[in-house]
Amino acid sequence: MLGKEIKKYLDENGIKYSFVAEKIEMPMNVFSALINEKRKLTADEYIEICFVLKVDTNYFAKHYFTEKFAQAF
């Protein structure tokens with residue numbers, strides 16, 4: 001879900017996972033589990049990630065739902 005969208009954004013923009021993990025004060029193994037969707041993302045974590053990446057909180061949700069519903073039709 002959103003973890004994959006965040007991972008895709010980081011990869012496309014050349015942003016290191018460790019940079020984001022450090023900025024939100026999250027251990028790298030936990031952040032890795034989050035972007036690989038092996039752990040649920042909390043609302044607070046999502047807001048912090050968006051803040052660090054300087055994107056609106058609707059950014060990843062918009063991309064996720066646009067792609068999800070495009071596949072449905």
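Colleague: Let's start with Glu 25: is this residue buried or exposed?

Modeller: This is a predicted model, so treat each value as computed from it. The general idea is to take the relative accessible area and hold it against a cut-off: over 50% is exposed. Glu 25 comes out at 74%, so it counts as exposed. It sits in the loop between H2 and H3.

Colleague: What is the phi of Glu 25?

Modeller: Near 55°. That is a positive value in a residue other than glycine. Lys 54 also has a positive phi, about 60°, and is not a glycine either. You'll find Lys 54 in the loop between H4 and helix H5, which spans 59–72. Lys 54 is exposed because its relative accessible area is 75%. Then look just after H3, where Glu 37 takes a positive phi of about 60°.

Colleague: Stepping back, how many helices and strands are there in the protein?

Modeller: Five helices and zero strands. Read along the sequence, that gives the pattern α-α-α-α-α.

Colleague: What share of the residues is buried?

Modeller: Here the cut-off is under 20% relative accessible area. Buried residues make up 32% of the 73 in the protein. As for the accessible surface, it comes to about 5,200 Å², with 56% belonging to carbon and sulfur atoms.

Colleague: And how do I read a nonpolar core?

Modeller: In soluble globular proteins, nonpolar side chains tend to be buried together. In this model, the largest nonpolar core has 18 residues, and those touching the most other members are Ile 6, Leu 10, Phe 31, Ile 49, Leu 53 and Phe 60.

Colleague: Which elements give two or more residues to this core?

Modeller: Helix H1 (2–12), helix H2 (17–23), helix H3 (28–35) and H4. The largest share, five residues, comes from H4.

Colleague: Which residues does Leu 53 touch, leaving out those up to four places away in sequence?

Modeller: Tyr 9, Leu 10, Ile 15, Val 20 and Phe 60. For contacts across the whole protein, take pairs at least 6 apart in sequence: 53% of those join residues at least 24 apart.

Colleague: Which residues of H3 are buried?

Modeller: Phe 31, Ala 33, Leu 34 and Ile 35 are. To see what covers them, look at their neighbours: H1, H2 and H4 are included in that cover.

Colleague: Not every aromatic residue has to be buried, I guess. Where does Phe 19 lie?

Modeller: In helix H2. Phe 19 has a relative accessible area of 40%, so it reads as partly exposed. For a distance along the fold, try the C-alpha atoms of Phe 19 and Val 52: they are separated by 9.4 Å, while the residues are 33 apart along the chain.

Colleague: Now a charged one. Is Glu 45 buried or exposed?

Modeller: Buried, because its relative accessible area is 13%. Glu 45 is in helix H4, residues 43–53. Beyond residues up to four places away in sequence, Glu 45 touches Met 26, Leu 34, Arg 39 and Lys 40.

Colleague: Last one: what lines the largest pocket?

Modeller: Start with the volume, about 160 Å³. The lining is Met 1, Leu 2, Gly 3, Leu 34, Glu 37, Arg 39, Lys 40 and Leu 41. Sorted by class, that makes four nonpolar, one polar and three charged residues. Some names there should ring a bell: Leu 34 is among the buried residues of H3, and Glu 37 has that positive phi just after H3.

Methods
Residues are numbered from 1 along each chain as its sequence is written. This is a predicted model: local features need pLDDT of at least 70, side-chain atom pairs count only at pLDDT 80 or more; totals for chains, interfaces and linings use all residues. Side-chain values use heavy atoms; hydrogens and water are left out. Helices (H or I, at least four residues) and strands (E, at least two) are DSSP runs, numbered from the N terminus. Buried means under 20% relative accessible area, exposed over 50%, partly exposed in between (1.4 Å probe, protein chains only). Contact means heavy atoms within 4.5 Å. A nonpolar core is a set of buried Ala, Val, Leu, Ile, Met, Phe, Trp, Tyr and Cys residues joined through side-chain atoms within 4.5 Å. On a 1 Å grid over the protein atoms alone, a cavity is a set of points where a 1.4 Å probe fits but cannot get out, and a pocket is an open set with protein on both sides within 12 Å along at least five of seven lines; lining residues have an atom within 4 Å of a point. Grid points are joined across faces, edges and corners, and a volume is the space filled by probe spheres set on the points. Ala, Val, Leu, Ile, Met, Phe, Trp, Tyr, Cys and Pro count as nonpolar, Asp, Glu, Lys and Arg as charged, and the others, Gly among them, as polar. Accessible areas come from the Shrake-Rupley method with a 1.4 Å probe; for residues, only the protein chains shown count as cover.
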